[in-house]
Amino acid sequence: MLRIHFTEVDLARVRVAGEPDPMWEVLSTLHRLQSRSGRGQFAAWYRTTRADLHAAGLARPVREVLFALYPLGPYLPDFLTPAESEDGLSAGLDGVLRLPRREILTELQLLRRFHTPPAWIPRLAQRDGCRELTELISRFHAVAVAPFAERMDSGVVAHRGLLTRVLLADGVEGLLSSLGPRVRWRRPVLEVDYRTDRDLHLRGRGLRLVPTYFSWGTPVALANPELPPTLSYPLSRPTVPEEALPGDAVPLHALLGGTRARVLRCVADGLTTGELAQAAGVSLSAASRHATVLRDAGLTTSQQIGPTVLHTLTPLGAALLRRARGVVASRGG
């Protein structure tokens, strides 16, 4: 278990990433390729990405280089998820290149305690080797992560909308209590199901929370306690695999019915049941009923916030809306 110890100052310095962090998504997608965990939910992505990696000539370098640096296990080198990636992929890769070579070498030596790395690993502590690595990460991101940007964005935006409502209703401690089943707030400690047993004392530095689309299962924190405290954790997943989306030829109103399709569009803004009823032009009981059906289908998610229930889209629901809008646009509707 990971125990993150907060002071009152730390509670005031909790931040949530405003958009997907590319370096954390690279880490998560590499783990999806190496593990069967989450394979059902990411089945369509898995098939597409494997084929695209082969077509781009990346299958072998990803397997021989990136799998060795991003292994499944209790330790991951921190330099692969630099704080600079908060500002995008280029900033993150530049952050890797600017790191002192001795820091990279120290982390690679730590990796040796848990895995037997290839003989070429020390070359990453040299500038040319590090640059080759960042170029490979960039190429991998272009194939495995970038094509799914809209889907990731919609998931993070919906999640932030939910956390915003929780924050307004229950404060920061309520927000910390709503990060998923593997995270528990027991004041003043945030308990996280983890691969190792450790304590992290924030000491007034606050905590950056990074909801990660392709993450699955256990959250991940930086190993070095002196680095800016960061916790990457999985977005809530829909109960229906994303590959279950209907074909483009099916209009949304035909699939769901006119009223329910309208309710789904309204939920895109993140609404309470009362707000949803007003926006969709239906009764309160009808709004609740439609929201339940959509939630059971994996298109929306609902969370109790004080006396109200907030409904937001899941990534699956957002993807369905985008596809429906694309069909309308292509038909000139």
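## Cavities

In this predicted model, three cavities of 30 Å³ or more are counted. The second largest cavity holds about 40 Å³ of space. Its lining is made by Leu-200, Arg-205, Ala-221, Leu-222, Asn-224, Pro-225, Leu-227, Pro-228, Pro-229 and Thr-230. By type, the lining of this second largest cavity splits into seven nonpolar residues, two polar and one charged.

Several of these residues can be placed on named elements. Leu-200 is one of the lining residues of the second largest cavity, and Leu-200 also serves as a bridge partner in strand E5. Asn-224 is another lining residue of that cavity. Asn-224 is also among the residues nearest the centre of the largest pocket.

## The largest pocket

The largest pocket has a volume of about 400 Å³. Its lining counts 21 residues. Nearest the centre lie Tyr-75, Asp-78, Leu-110, Ala-223 and Asn-224. Two elements give two or more residues to this lining: helix H6 (101-111) and strand E7 (220-221). H6 gives the most, with four residues.

The pocket lining divides into 11 nonpolar, three polar and seven charged residues.

## The sheet E2-E6-E8-E7

One open sheet has four strands in the order E2-E6-E8-E7. Its pairing is mixed. Strand E2 (14-16) and E7 stand at the edges. Each has a single partner strand, so one side of each is left without a neighbour in the sheet. E7 also contributes to the lining of the largest pocket.

E2 pairs with strand E6 (residues 207-212) in the parallel sense, over three bridges. One of the residue pairs is Arg-15 with its bridge partner Arg-208 in E6.

Two helices pack on this sheet. Helix H2 (residues 22-34) touches E6, E7 and strand E8 (230-234). The direction of H2 makes about 50° with that of E6. Helix H8 (residues 149-176) touches E2, E6 and E8. The direction of H8 makes about 165° with that of E2.

## The sheet E3-E4-E1-E5

Another open sheet of four strands runs in the order E3-E4-E1-E5, again with mixed pairing. Strand E3 (183-186) and strand E5 (198-201) are the edge strands, and each pairs on one side only. From one strand to the next, the twist averages 20°.

Strand E1 (residues 2-5) and E5 run parallel and are joined by four bridges. Ile-4 has Leu-200 as its bridge partner in E5.

## Helix H2 and its helix partners

H2 packs on the sheet, and it also packs against helix H3 (residues 43-55). The angle between H2 and H3 is about 95°, with the axes 11 Å apart. The two helices are therefore roughly perpendicular to each other. H2 brings Thr-29, Arg-32 and Leu-33 to the contact. H3 brings Trp-45, Tyr-46, Arg-50 and Leu-53. These residues divide into four nonpolar, one polar and two charged.

H2 also packs with helix H7 (residues 127-144). Here the angle is about 75° and the axes are 10 Å apart. H2 and H7 are therefore roughly perpendicular to each other. The H2 side of this contact consists of Pro-22, Met-23, Val-26, Thr-29, Leu-30 and Leu-33. The H7 side consists of Ile-137, Phe-140, His-141 and Ala-144. This contact has eight nonpolar residues, two polar and no charged.

Two H2 residues recur. Thr-29 and Leu-33 take part in the contact with H3, and Thr-29 and Leu-33 are also listed in the contact with H7.

## Backbone features in two loops

The peptide bond from Arg-187 to Pro-188 is cis, with omega near 5°. Pro-188 lies in the loop between E3 and strand E4 (189-192). E3 is one of the edge strands of its sheet.

Arg-203 is not a glycine, yet it has a positive phi of about 55°. Arg-203 lies in the loop between E5 and E6. E5 belongs to the sheet E3-E4-E1-E5, whereas E6 belongs to the sheet E2-E6-E8-E7.

Notes:
Residues are numbered from 1 along each chain as its sequence is written. This is a predicted model: local features need pLDDT of at least 70, side-chain atom pairs count only at pLDDT 80 or more; totals for chains, interfaces and linings use all residues. Side-chain values use heavy atoms; hydrogens and water are left out. On a 1 Å grid over the protein atoms alone, a cavity is a set of points where a 1.4 Å probe fits but cannot get out, and a pocket is an open set with protein on both sides within 12 Å along at least five of seven lines; lining residues have an atom within 4 Å of a point. Grid points are joined across faces, edges and corners, and a volume is the space filled by probe spheres set on the points. Ala, Val, Leu, Ile, Met, Phe, Trp, Tyr, Cys and Pro count as nonpolar, Asp, Glu, Lys and Arg as charged, and the others, Gly among them, as polar. Two strands pair if DSSP finds at least two bridges between them. Contact means heavy atoms within 4.5 Å. Axes are lines fitted to C-alpha atoms, for helices over the stretch in contact, and angles run from 0 to 180 degrees between N-to-C directions. Angles under 35 degrees count as roughly parallel, over 145 as roughly antiparallel, 65 to 115 as roughly perpendicular and the rest as oblique.
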